[in-house]
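Visitor: I would like to learn how to read this model, one feature at a time. Where do we begin?

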Amino acid sequence: MPRGVKKSDLPQKTCATCGKPFVWRKKWEKVWDEVRYCSDRCRAGRGPISSKKQ
Ligand SMILES: [Zn+2]
């Protein structure tokens with residue numbers, strides 16, 4: 001029996017911005033421990049709002 005990982009067995013995390021669960025993706029395989037957001041959009045936006053200064 002090959003020990004592959006079923007899709008349904010992929011690790012999950014909860015997005016720190018929107019609070020939704022999201023599933024491991026290939027692009028995160030090397031940084032999974034550091035991933036906290038489900039998408040670039042969540043990572044970029046809507047955190048604690050300080051003054052928009054850019
Ligand atoms: Zn999110």
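Visitor: Take G19. Does this residue count as buried or exposed, and why?

Guide: Count C-beta neighbours inside 10 Å; a residue with 12 or fewer is exposed. G19 has 9, so G19 counts as exposed. Keep in mind that this is a predicted model.

Visitor: Where does G19 lie?

Guide: In the loop between β1, residues 12-14, and β2, residues 21-23.

Visitor: What are the elements of the chain, in order from the N terminus?

Guide: The order is β-β-α. That is two strands and one helix. The helix, α1, spans residues 40-44.

Visitor: How confident is the prediction for the chain?

Guide: Start with the general caution. Low pLDDT means that the predicted coordinates should not be read in detail. Here the chain averages 83, and 78% of the residues score at least 70. Among the elements, β1 has the highest confidence, at a mean of 97. Helix α1 has the lowest, at 92.

Visitor: Back to the loop between β1 and β2. Which other residue should I look at there?

Guide: C15 has its place in that loop. Its count is 16 other C-beta atoms within 10 Å, so C15 is partly exposed.

Visitor: What does C15 touch, leaving out residues up to four places away in sequence?

Guide: Contacts show which parts of the chain meet. C15 touches K20, F22, Y37, C38 and C42. F22 belongs to β2, which covers 21-23, and C42 falls in α1, residues 40-44.

Visitor: How far is C15 from V35 in space?

Guide: Compare sequence separation with C-alpha distance. C15 and V35 are 20 residues apart along the chain, and their C-alpha atoms are separated by 8.7 Å. Now try C38 from two other positions. From G19 to C38 is 19 residues in sequence and 8.9 Å in space, C-alpha to C-alpha. From W24 to C38 is 14 residues in sequence and 9.4 Å in space, again C-alpha to C-alpha.

Visitor: Where is W24 found, and which residues is W24 in contact with beyond four places in sequence?

Guide: W24 sits in the loop between β2 and α1. Beyond four places in sequence, its contacts are L10, P11 and W32.

Visitor: Why does W24 count as partly exposed?

Guide: Because W24 has 16 C-beta neighbours inside 10 Å. Buried status takes 20 or more.

Visitor: What percentage of the chain counts as buried?

Guide: Apply that count along the chain. Of its 54 residues, 2% count as buried.

Terms used
Residues numbered from 1 in each chain as written. Predicted model: local features only at pLDDT ≥ 70, side-chain atom pairs only at ≥ 80, totals over all residues. pLDDT = per-residue confidence, 0-100. Contact = placed C-beta atoms within 7 Å.
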